[in-house]
Amino acid sequence: MVVSAYISTIDRQSMGTFLTILAGVCVFVIGQVLVKLVIDPVQQLKVAISLTANTLLKHRAKITNATPIDDVSEAVKSHAADLISKAALVSFYPVTEWLFGLPSKAKIKEAAQQLNLIGYGLLGAAQQHENSVDFNGKKTNWAIQNTIATDEVERLLGVETSFQGKRRK
């Protein structure tokens, strides 16, 4: 009787230890899934937004003066694609948008469109085409168009794209 009570006590202690370890492993696994499915993609999107602002700030004068520079054009268009693809990775977007203060997917898409417009306006070939005799459409004032588009990206993504410290709405 005493031996069976002793074994029963050991079994309960072992079971309690096992359940404690199992609960710890489950909490760890759930935490890692949460990190990989939610937090990492949100972090990647925020980095993409920051890098976009960095490029627009770094090349602000070239962009707003519509200086044809194909490298900057490609960088800006690459940021547009990054924003769309990184936003697609974020799970439970409506919740994470609210929780982490992210721009809506519609705003990200619109910002990407504005970035593509800026990228096109910086292409030397696009500006040469508008200045050629074959062009019969209305010429675009790329300096004004790029300035407007850059300000729109600032408003849509909630980041600074100018050193003037404009207030975002």
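## Briefing: an all-helix chain and its core

H5 and H7 pack with their axes 9 Å apart, at an angle of about 155°. The model is predicted. The chain holds 7 helices and 0 strands. In sequence order the pattern reads α-α-α-α-α-α-α. Of its 169 residues, 33% count as buried. Among contacts between residues at least 6 apart in sequence, 74% join residues at least 24 apart.

**The H5–H7 pair**

- The angle of about 155° is over 145 degrees, so H5 and H7 count as roughly antiparallel.
- The crossing of H5 past H7 is left-handed.
- On the H5 side, the residues that meet H7 include Lys107, Ile108, Glu110, Ala111, Gln114 and Leu115.
- Leu117, Ile118, Tyr120 and Gly121 of H5 also take part.
- On the H7 side, the partners include Trp142, Gln145, Asn146, Ala149 and Thr150.
- Glu152, Val153, Arg155, Leu156 and Leu157 of H7 belong to this interface as well.

**The nonpolar core**

- The largest nonpolar core has 26 residues.
- Those with the most contacts inside this core are Leu45, Leu83, Tyr93, Ile108, Leu115, Ile118 and Leu157.
- Two or more core residues come from each of helix H1 (2-58), helix H3 (70-89), helix H5 (105-121) and helix H7 (142-157).
- H1 gives the largest share, 6 residues.
- Leucine 83 touches Leu45, Ala48, Ile49 and Thr52, leaving aside residues up to four places away in sequence.
- Leucine 83 also touches Ile108, Leu115 and Leu157.
- Ile108 and Leu115 of H5, and Leu157 of H7, are part of the H5–H7 interface too.

**Leucine 122, after H5**

- Leucine 122 sits in the loop between H5 and helix H6 (124-131).
- Its relative accessible area is 1%; buried means under 20%, so leucine 122 is buried.
- The C-alpha atoms of leucine 122 and proline 68 are 4.5 Å apart, although the two residues are 54 apart along the chain.
- Beyond four places in sequence, the residues leucine 122 touches include Lys62, Ile63, Ala66, Thr67, Pro68 and Ile69.
- Asp70, Val72, Ser73, Gln127 and Asn146 are also among its contacts.
- Asn146 is one of the H7 residues that meet H5.

**Two positive phi values**

- Alanine 66 has a phi near 55°, which is positive in a residue other than glycine.
- Alanine 66 lies in the loop between helix H2 (60-64) and H3.
- At a relative accessible area of 10%, alanine 66 is buried.
- Alanine 66 is one of the contacts of leucine 122.
- Phenylalanine 92 also has a positive phi, near 55°, and is a residue other than glycine.
- Phenylalanine 92 lies in the loop between H3 and helix H4 (93-100).
- With 57% relative accessibility, over the 50% cut-off, phenylalanine 92 counts as exposed.

**Serine 162, after H7**

- Serine 162 is in the segment after H7.
- Serine 162 is buried, with a relative accessible area of 5%.
- A polar atom of the serine 162 side chain lies 3.0 Å from the backbone nitrogen of glutamine 164.
- Serine 162 touches Leu57, Arg60 and Glu154, not counting residues up to four places away in sequence.

How values were computed. Residues numbered from 1 in each chain as written. Predicted model: local features only at pLDDT ≥ 70, side-chain atom pairs only at ≥ 80, totals over all residues. Heavy atoms only, no water. Core = buried A, V, L, I, M, F, W, Y, C linked by side-chain atoms within 4.5 Å. Buried < 20%, exposed > 50% of the residue type's maximum accessible area, 1.4 Å probe, protein only. Helix = DSSP H or I, 4+ residues; strand = E, 2+ residues; numbered from the N terminus. Contact = heavy atoms within 4.5 Å. Polar contact = N/O pair within 3.5 Å; in protein donor to acceptor, adjacent residues only side chain to side chain. Axes fitted to C-alpha atoms, helices over the stretch in contact; angles between N-to-C directions. Parallel < 35°, antiparallel > 145°, perpendicular 65-115°, else oblique. Left-handed = near helix turned anticlockwise from the far one by under 90°.
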